[in-house]
Amino acid sequence: MCIPLKPVFSRHKGDGVQITDEPTGNLDSRTSQDVLGLMKTSGQRFGQTIVMITHNDEIAQMAGRIIRLEDGKICGGEDHDTESEE
């Protein structure tokens with residue numbers, strides 16, 4: 001499957017987009033926390049949007065917005081207030 005990314009990101013107002021696929025999948029818990037912290041810090045510092053694919057619900061709950069997919073289709077989602085957690 002090919003997804004054309006330019007139309008998706010051409011409306012982005014920040015400095016960039018990080019796209020990650022299971023960034024902590026093969027890491028120990030300490031290194032996983034380091035990677036997630038680095039992603040969060042760089043996202044905030046550089047005004048980046050982070051698009052993360054994960055099967056880990058605990059990591060997903062750290063996101064400002066979750067979009068759930070099932071069988072290639074959007075089946076749900078939720079918004080989180082991450083501003084108050086900082």
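**Reading a hairpin and two loop threonines**

User: Which residue in the hairpin of β3 and β4 takes a positive phi?

Analyst: In this predicted model, Asp71 has a positive phi near 55 degrees, in a hairpin with two residues between its strands.

User: In which sense do strand β3 and strand β4 pair, and over how many bridges?

Analyst: The general idea is that in a regular strand the side chains alternate between the two faces of the sheet. Here, β3 (residues 65-70) and β4 (residues 73-79) are antiparallel, paired over six bridges. To follow the pairing from one residue, take Ile67, whose bridge partner in β4 is Gly77.

User: Now the loops. Is Thr24 buried or exposed?

Analyst: A residue counts as buried when its relative accessible area is under 20%. Thr24 has 10%, so Thr24 is buried. Thr24 sits in the loop that runs between β1 (16-21) and α2 (29-46). Setting aside residues up to four places away in sequence, Thr24 touches Ser32, Val35, Leu36 and Ile59.

User: How does Thr54 read, buried or exposed?

Analyst: Between the cut-offs of 20% and 50%, a residue is called partly exposed. Thr54, with a relative accessible area of 23%, is therefore partly exposed. Thr54 belongs to the loop between β2 (48-53) and α3 (57-60).

User: What is Thr54 in contact with, neighbours within four places in sequence aside?

Analyst: Glu22, Ile59 and Ala60. For spacing, the C-alpha atoms of Thr54 and Pro23 are 7.9 Å apart, while the two residues are 31 apart in sequence. Within its own loop, a polar atom of the Thr54 side chain lies 3.0 Å from the backbone nitrogen of Asn56.

Notes
Residues numbered from 1 in each chain as written. Predicted model: local features only at pLDDT ≥ 70, side-chain atom pairs only at ≥ 80, totals over all residues. Heavy atoms only, no water. Pairing = 2+ DSSP bridges. Helix = DSSP H or I, 4+ residues; strand = E, 2+ residues; numbered from the N terminus. Buried < 20%, exposed > 50% of the residue type's maximum accessible area, 1.4 Å probe, protein only. Contact = heavy atoms within 4.5 Å. Polar contact = N/O pair within 3.5 Å; in protein donor to acceptor, adjacent residues only side chain to side chain.
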